[in-house]
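Biologist: Please take one part of this protein and go through it closely. I would like the sheet, its strands and the helices that pack on it, set against the protein as a whole.

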Amino acid sequence: MQKSVRYNEGHALFLSAIARKEGTKRGYLSKKTAENSRWHEKFFALYQNVLFYFENEQSARPAGIYLLEGCTCERAPAPKMSTTGKEALEKQHYFLIVFGHDGQKPLELRTEEESECDEWVEAIQQASYSDIIIEREVLMQKYIHLVQIVETEKVAANQLRTQLEDQDTEIERLKAEIVALNKTKERMRPYHVYHENEDPDIKKIKKVQSFMRGWLCRRKWKIIVQDYICSPHAESMRKRNQIVFNMVEAETEYVHQLYILVNCFLRPLRMAASSKKPPISHDDVSSIFLNSETIMFLHEIFHQGLKARIANWPTLVLADLFDILLPMLNIYQEFVRNHQYSLQVLANCKQNRDFDKLLKQYESNAACEGRMLETFLTYPMFQIPRYIITLHELLAHTPHEHVERKSLEFAKSKLEELSRVMHDEVSDTENIRKNLAIERMIVEGCDILLDTSQTFVRQGSLIQLPSVERGKLSKVRLGSLSLKKEGERQCFLFTKHFLVCTRSSGGKLHLLKQGGVLSLIDCTLIEEPDANDEESKAGGQVFGQLDFKLVVEPSDSSSFTVVLLAPSRQEKAAWTSDISQCIDNIRCNGLMTSVFEENSKVTVPHMIKSDVRLHKDDVDICFSKTLNSCKVPQIRYASVERLLERLTDLRFLSIDFLNTFLHTYRIFTTATVVMDKLADIYKKPFSSIPIRSLELFFATNQNNRGVDHMNDKSPRLCRKFSSPPPLSIPSRTSSPVRTRKLSLHSPITARVGGLDLTSPLSNSTVNHNTSHSAGSSPTSSSEAGDMSPCRSPSTPRHLRYRQPGKASNSRCSVSPASAFAIATAAAGHGTPPVFTNSERTCDKEFIIRRAATNRVLNVLRHWVSKHSQDFEMNGELKMSVICLLEEVLRDPDLLPQERKATANILSALSQDDQEDAQLRIEDILQMADCPKAECFESLSAMELAEQITLLDHIVFRSIPYEEFLGQGWMKVDKNERTPYIMKTSQHFNDMSNLVASQIMTHTDVGSRANSIEKWVAVADICRCLNNYNGVLEITSALNRSAIYRLKKTWAKVSKQTKALMDKLQKTVSSEGRFKNLRETLKNCNPPCVPYLGMYLTDLAFIEEGTPNFTEEGLVNFSKMRMISHIIREIRQFQQTPYRIEHQAKVTQYLLDKTLIMDEDTLYDLSLKIEPRLPA
């Protein structure tokens, strides 16, 4: 085997001699040795592609040979040396030869001249034949390409040859057919007429006819084309194309926004989180940005697809792109669900100065165009609705026979379904986050708020009155500072619990040790003081009927009473109405549970779950996936009949549904229809329960009674039937302590007929299987009653149910009233009384009638107390309610608490309107004995701020809530439809004009600067008073062009005032849909005056973006719910008044319209004060 390469030394010496004499390049170069990295000077000679080097120029034999073909040569930097050798190195120029094959080390050379170095590099580069190699590769590619073309041409030639052969065959066949046809024609035509010489006139006529036919044809086609261009179809196609182009532009802008979000904020903040002193953690970065990077990648792909489709215009097919996009859009659920939380995390991170400084640096990037991070985080929230709107517009201009019509409709339906799911998840998540936010505010924590079924209802400040002895209550006064300071409580109402907290000086909340967490199932609400109760009478005189009581009777401890004082009658009505509704909801559910669960065939949860009408979509109703406080799906769309059915369903009633319905019913129905439904439910209560549920309800072991109850003509289904005769119930007490107060939903605590809850065979009940049912003696009955005393778990311990002194001769040992009382008392605690089958059927009927009365009275009570304006403006409605309540009072089976509740509602309707001694703007303007208005300089900033706040709140609270419906403030007749909203707007403009006019009245710079500083101080005090409307009035005045341009005046204003003004402007800024103001209002406790324009913008957005009715004619109840939530927030701020004393001298100045200048006058005066600088 050959182990080495043979080498022709003679030939090599011959080439070296030629190279030394005739080489392309020759000269001395320093070569770096591989052994010791030293440099040795050698004589190099280049010949063609071979490089020889010799020991010196006279050497005949080369010391080495290098083959340069395929190598690369380039300049190399000087190696690093010590400072002593730097001067020598600066005179040397290095270059490097890298060989193309593996295993060969690079050759390092150097010269003393730079020009010589460049010549060697160029010569060696040419000797490497790199250009020839590249040219060879190019020629080879061309050769391969030509070979492929030749092969393709050969294949094409074969195909053409085959086609020609087929065509020759076809031609022969056609020729044969023509010959046959000619022969046939010859036989059919007996003779031929030949026109050898046609008349020239005939030829001219034919030529003119041909020209006219062509002209008419072209004219006809022109008309056809013009008609099509003007046709609705062509217009629709043009609009469709424009919609597509706009969608592509919007998608381009959206992708650019996501690119800025990811590259200008997300990735830099990730790097900052990995630094030694991170201003933010990686978890916070993930919580803020969520999956925005994934969303960006998805839309970049979708955007590329859109651009590719636009390149194929005018053929625009987009449906398949949406088919690809739809399954991936589920990633938006995570972003939308946690969007509010991400903004909250961002706000918390901004408290860190280092992070805030870094974020402002990122936001100052030119690509952000002055937009904040919150703005970019909001963009993905609107993308799914934008797609839905685009597809809706696209379908409006897509013909029904269009090829992608069905695909676009499918995409639109899927997007709407995804939007609904996202909306429902956001609502559910927001409720949980609200509870967790309150739980974090409480220092001790609160476990009951971790229950997902706990729904927040309302919050606010109430004063808790101290427990005092009878007769000494008058010593406490409403205006007492110690009472306000020590007794002020922050209260939170949920669907199942009532929290009472104290607020420390640091703003932290602490639960009361006793009575901090009240379970509403153990509570009884007492709204009005009893006329026979001296303590309540004294309290009513002292507190002006603003107090109400919660009697708490827990099953595991002694009972106690919580007395709370509201700041106004409206506030008291709102609190008591909501508390009453919550308690009624819990106890009504418990009542129905105790009744239905006596039958082994059905339970209330099973009855609700088995009723498909409560959760399954139908032609007249559509549900969302979000559950309300009653664990029933919320209504998305429904007919008016189904909404009224839900309002009067005895099994449950959601507070949110009731508020939404009463706020917005006038949009889709009338008050008369609602009242007719309530009257019908009162008279025929069984019509409010579905037939299937009634069948289960009456499915007892006695078959002979089960059929009669389902008969529509049965007298038991109407209130005209005779109820079981009640027993004689003496009202005796076993102890001299006071009797328990009753409200609409409280159980009876008086002594009722003997009832033993421990055994159905007790001596205290009558055996119905015997013919002498009343044979028990009074003595034995009384003893039996004493031997087995039992009380309801929610009844005071000193009360017992005992046998009366004389038995009643009736077929039932308990009256319907007592059965209802015991069932109500045991509703929340589980142990129902035991009856026989006949008793059970009788008492169930009675209880359902009582529950129907309860429901009607609660709806009316809520309506009258929280929506009294409906009855003030509609006398017919007021009379119909009074007639119904009078009919209820005539019911012989009416329970005492129902009678009292009915009387209270009648009293509230019949009494004259009482204004709580609240001022109105008209009263202030009409004051005859007002002192003369003082000048601005004599008034303090505190006086101005307080009176501005008082006036703003008076104007704000005067707006009736019905003016917020239907966008009346944007109509032509807005002054007639929404007079109070227009007055509020006018008052805002007048106050803003007053501020600007007062500043401009000063002639010297110093006085104007002092006025600006004073008004900024007034705005800051307004902020402290929660009057954000006043803050905006003043800041908008200072930002007017007439004042903002006064540079000399602003130069005199102090830096502290400018910084304070910037802070105030940031709070009330409209950026991000008033994001900062909304966050401030969320953490604000009433009283408060918000900026009304923010809510009007929200309502306009809801009204314009969502119709009131669907295409099927169903009420869009989701829209009603959104409108109601906004109105409830407005009314919450309206109902809590300020405790500010009216100062006539200040209000006269603030309302003096003679001091106000118009915009043109202000600007002319501004130009006189500081003229424009010459250009």
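Modeller: The accessible surface of the protein comes to about 61,900 Å². Carbon and sulfur atoms account for 53% of that area. The model is predicted. Of its 1175 residues, 47% are buried. The protein holds 44 helices and 18 strands. Take contacts between residues at least 6 apart in sequence: 70% of them join residues at least 24 apart.

Now the sheet. Seven strands make it up, and it is open. Read across, the order is β4-β3-β2-β1-β7-β6-β5. The pairing is antiparallel. At the edges sit β4, residues 64–67, and β5, residues 72–76. Each of these two pairs on one side only. On average, neighbouring strands of the sheet are turned by 35° against each other, direction ignored. As a general point, strands of a sheet pair through backbone hydrogen bonds, either parallel or antiparallel.

Look closer at the β5 edge. Here β5 pairs with β6, residues 93–98, in the antiparallel sense. Five bridges join the two strands. One place to check is C73, whose bridge partner in β6 is I97.

Two helices belong in this picture. Helix α3 covers residues 114–127 and packs on the sheet. It touches β1, β2, β3, β5, β6 and β7, the last being residues 107–111. The direction of α3 makes about 160° with that of β5. Helix α1, residues 9–22, lies across β1 (25–32), β2 (39–47), β3 (50–54) and β4. Its run is at about 95° to β2.

Further along the chain comes a stretch with a record. UniProt, in an unreviewed entry, lists residues 147–184 as "coiled-coil region". In the model, that stretch is 100% helix and 0% strand. Its end C-alpha atoms are 55 Å apart.

Last, the nonpolar cores. The largest has 59 residues. Within it, F265, I288, F289, L329 and L373 touch the most other members. Helix α6, residues 232–273, gives this core its largest share, 15 residues. Pick out L329: leaving aside neighbours within four places in sequence, L329 is in contact with L298, I384, Y387, L415 and L418. Another core, of 47 residues, lies apart from the largest one. Its members include F657, V674, A852 and L860. In soluble globular proteins, nonpolar side chains tend to be buried together.

Methods
Residues are numbered from 1 along each chain as its sequence is written. This is a predicted model: local features need pLDDT of at least 70, side-chain atom pairs count only at pLDDT 80 or more; totals for chains, interfaces and linings use all residues. Side-chain values use heavy atoms; hydrogens and water are left out. Helices (H or I, at least four residues) and strands (E, at least two) are DSSP runs, numbered from the N terminus. Buried means under 20% relative accessible area, exposed over 50%, partly exposed in between (1.4 Å probe, protein chains only). Contact means heavy atoms within 4.5 Å. Accessible areas come from the Shrake-Rupley method with a 1.4 Å probe; for residues, only the protein chains shown count as cover. Two strands pair if DSSP finds at least two bridges between them. Axes are lines fitted to C-alpha atoms, for helices over the stretch in contact, and angles run from 0 to 180 degrees between N-to-C directions. A nonpolar core is a set of buried Ala, Val, Leu, Ile, Met, Phe, Trp, Tyr and Cys residues joined through side-chain atoms within 4.5 Å. UniProt positions are given in the numbering used here, feature names are shortened, and annotations may be inferred rather than shown by experiment.
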